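Trainee: Hi! Could you walk me through this one? I'd like to start with the cysteines.

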Amino acid sequence: MRRNAIQELVTWKSSEDRKPMVLKGARQVGKTWLMKEFGQNYYDSYVYFNFDEEDELKSIFEANKNPQRIIELLSLIAGEKILPEKTLIIFDEIQECPEALNTLKYFKEKANEYHVIAAGSLLGTLLAQPKSYPVGMVNLLDIYPLTFDEFLEATDESLYAYYSSIQKEQPIEEIFHNRLLEAYNYYLIIGGMPACINAFLKSGSFLDVPLVQSEILDNYIADMAKYASNTDSVKIRACYNSIPAQLAKDNRKFQYKVVQKGGSASLFGASIEWLYLAGVVLKCQSISQAFEPISVYADLSAFKLYMGDVGLLTAKSGLSQQTVLSGEGNTFMGAVTENYVAQQLAANGHDLYYWESNNTAELDFVLQRGNQVMAIEVKKGEHVRSRSLNLFISTYHPSCAIRLSLKNFGEKDGLKSVPLYAAFCI
């Protein structure tokens, strides 16, 4: 499966300011495959070291800080000479060896001619600990599940060829519009986790997808027990399990009382931060005003949590595949659609914000690019009336207002209509 992130790694390789690269992202989003694919296609060779599978590796970093000595020892283990700029050094599951993560700063200072890339599950939680994080000495890249365009290329190359040829805001022929909407519904069920897409491609049906999704969800729960204390893991799990119920509410703002009666930020705040840093959830912050820079108007106590992958939300909520494929009748489809959009926007580098106006109006997403503020409304179907969007436009006069729905590309009175399958283009 082609990943858009490959291009960012190619740019990193040739950058004069290159530092050791650290990939962040939830478990099973494809970090290992991406590193190996990059090494195979853009270097003479690569050497791969997994700290979860090879315990003896840890002793090298515990006993040595000199990168030249570390390279010598790693060459012996790999059975080949590691060459500057020609060999990509891959460290996987680096969270199992904080000393190795910390050693990356020595590679930057003393041996930057060697190209080093590292990744790990729940790495964000480790990077939040100052002792483990080589501040300013590494490049960071967030890896997300496959976006819709990556999914489409993996599952239907001919339709992707058409999709990638679409001119900006050009209305799409009805036959292709319907085919893309069908692929979009497939994506809501399968999601962007590579193992789930592989299961679909292998069988040609959705039959095995829920089994793979269930396994991934179980692995996430296991990680909560493995990487957090017993007390913390119980609270983290409770917050995580509440997400479908949180999103089912008319007001999808995260409420601690849904997790537990009498719940509060002091009780569950650290658990939510853990989930966010682990890449398991996406956080969308509330803003009370939408002036540049929008980040300064964030209400840190008000936010929404979305699942990191829409397919996992569909599976975790128990929403049937038939309901997703049949159309917009189910009310929970609104939450699924929002989660999908949040996932596409986050993967495209956007910080997520939504706007609230004294509990009388709410706009799904507000983005900032440079000095421009963009308004985005999400509709699960073709019914697109909205008082909130009109109020936002009249109040803040955004540079761009977009409504995502099942409708085709179009524009009326300065409001752009964009089909949901094109959310990644924003």
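Mentor: Happy to. Let's take Cys 284: this residue is buried, with a relative accessible area of 0%. Keep in mind that we are looking at a predicted model.

Trainee: Which cysteine sulfur is nearest to that of Cys 284, and how far away is it?

Mentor: That would be the sulfur of Cys 400, 17 Å away, and Cys 284 is in no disulfide. A disulfide here needs the two sulfur atoms within 2.5 Å. By that rule, the count of disulfides comes to zero.

Trainee: And Cys 97, buried or exposed?

Mentor: Cys 97 is buried, at a relative accessible area of 1%.

Trainee: You mentioned Cys 400. Which strand starts there, and what does it pair with?

Mentor: Strand S12 covers residues 400-405, and it pairs with strand S11, residues 372-378, in the parallel sense over five bridges. To find your way on screen, look for Ala 375, which stands opposite Ala 401 in S12.

Trainee: How many strands form that open sheet, and in what order?

Mentor: Five, in the order S10-S11-S12-S14-S13, with mixed pairing. S10 (365-369) and S13 (410-412) are the edge strands; each has a single partner, so one side of each has no neighbour in the sheet. From one strand to the next, the twist averages 25°.

Trainee: Which helix packs on the sheet?

Mentor: Helix H18, residues 333-347, which touches S10, S11 and S12. The direction of H18 makes about 10° with that of S10.

Trainee: Changing topic: where is strand S4, and how many of its residues are buried?

Mentor: S4 runs over residues 115-119, and five of the five are buried, so the strand is largely enclosed by the rest of the structure. Both of its faces are covered: on one side you have His 115, Ile 117 and Ala 119, and on the other Val 116 and Ala 118.

Trainee: How does S4 pair with S1 and with S3, parallel or antiparallel?

Mentor: S1 and S4 pair in the parallel sense over three bridges. S3 and S4 are paired in the parallel sense too, over four bridges. Two pairs to click on: Val 22 has Ala 118 in S4 as its bridge partner, and Ile 89 stands opposite Val 116 in S4.

Trainee: What about the largest pocket? What is its volume, and how many residues line it?

Mentor: The volume is about 900 Å³, and the lining has 45 residues. Nearest the centre of the pocket lie Asp 142, Tyr 144, Leu 282, Ala 346 and Ala 347.

Trainee: Which element gives the largest share of that lining?

Mentor: Strand S6, with four residues. Helix H1 (5-14), strand S5 (139-142), helix H15 (265-277), S6 itself (281-287), strand S7 (298-307) and H18 each supply at least two residues. So you meet H18 again here, the helix that packs on the sheet.

Trainee: How many cavities of 30 Å³ or more turn up in the whole structure?

Mentor: The search finds one, with a volume of about 50 Å³. Its lining includes Ala 26, Arg 27, Tyr 220, Trp 274 and Ala 278. Helix H11, residues 209-227, gives the most to that lining, with three residues.

Trainee: I have Thr 125 selected. Where does it lie, and what does it touch?

Mentor: Thr 125 lies in helix H6, residues 123-127. Leaving aside residues up to four places away in sequence, it touches Trp 274, Leu 277 and Ala 278. Trp 274 and Ala 278 are among the residues lining the cavity. At 14% relative accessibility, Thr 125 counts as buried.

Trainee: Last topic, the backbone. Which peptide bond is cis?

Mentor: The one from Glu 292 to Pro 293 is cis, with omega near -5°. Pro 293 is in the loop between S6 and S7. Most peptide bonds are trans, and most residues other than glycine have a negative phi.

Trainee: Where does phi take a positive value in a residue other than glycine?

Mentor: Gln 28 is one of them, with phi near 70°; look in the loop between strand S1 (21-24) and helix H2 (31-42). Gln 28 counts as partly exposed, at 29% relative accessibility. Glu 85 is another, with phi near 65°, in the loop between helix H4 (67-78) and strand S3 (87-92).

Key
Residues numbered from 1 in each chain as written. Predicted model: local features only at pLDDT ≥ 70, side-chain atom pairs only at ≥ 80, totals over all residues. Heavy atoms only, no water. Pairing = 2+ DSSP bridges. Axes fitted to C-alpha atoms, helices over the stretch in contact; angles between N-to-C directions. Contact = heavy atoms within 4.5 Å. Buried < 20%, exposed > 50% of the residue type's maximum accessible area, 1.4 Å probe, protein only. 1 Å grid on protein atoms, 1.4 Å probe; cavity = no way out; pocket = protein on both sides within 12 Å on 5 of 7 lines; lining within 4 Å. Points joined across faces, edges and corners; volume = space filled by probe spheres on them.
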